[in-house]
Amino acid sequence: MDKKLRVILTLVIGGGMIFGLWFFAKTISSLTGYSIGADRFDNFAKCLTEKGVVLYTSDVGCESCIQQKAIFKSSYQYLTVVDCGEESEKCAQQDIKYGPVWIIDGKDGEDDKKYYGLLGVPRLAEITGCEV
């Protein structure tokens, strides 16, 4: 076999293997709900929302709020978020003067719980029972 044909076959086989791995990973992800990459917190953020967790925040003058948003990256869209800059009356009702503040919905008649400041994913998982 000449060198040119070998190079072409190598590229075709290599490309096929890469496509196969990508297809396999996407299939497993859709079956299990586990995802790899930038959207790895999607299911976690959705779980927080399903459990009634609300993040009170502001993009203006709140560095911790901006950092909290950055932790979730594209998964931030799945969180229930109240922006105190735009919805100040909701924040006033909850007596929130600064953020970020996570409010965890109380169960069985318990009061809601407030967690002030920047919370990491492991801590949120611990207090909510949502899996990462």
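This tour visits salt bridges in a predicted model, one pair at a time.

Residues are numbered from 1 along each chain as its sequence is written. In this predicted model, local features need pLDDT of at least 70 and side-chain atom pairs count only at pLDDT 80 or more, while totals for chains, interfaces and linings use all residues; side-chain values use heavy atoms, with hydrogens and water left out.

A search of the whole structure returns four salt bridges, each defined as a side-chain nitrogen of Lys or Arg within 4 Å of a carboxyl oxygen of Asp or Glu. Three of the pairs are shown below.

**Stop 1.** Select Asp59 and Lys69, whose side chains form a salt bridge with an N to O distance of 3.7 Å. Asp59 sits in the loop between β1 (54–57) and α3 (63–72) and Lys69 in helix α3, so the contact ties together parts 10 residues apart in sequence. Helices (H or I, at least four residues) and strands (E, at least two) are DSSP runs, numbered from the N terminus. Asp59 is partly exposed at 37% relative accessible area, and Lys69 is partly exposed at 33%. Here buried means under 20% relative accessible area, exposed over 50%, and partly exposed in between (1.4 Å probe, protein chains only).

**Stop 2.** Next, select Glu87 and Lys90: the closest N and O atoms of this salt bridge are 2.9 Å apart. Glu87 is partly exposed, at 21%; Lys90 is also partly exposed, at 37%.

**Stop 3.** Finally, select Arg123 and Glu126, joined by a salt bridge of 3.0 Å, N to O. Both residues belong to helix α5 (residues 121–128), three residues apart, about one turn of the helix. Glu126 is exposed at 62%, whereas Arg123 is partly exposed at 35%.
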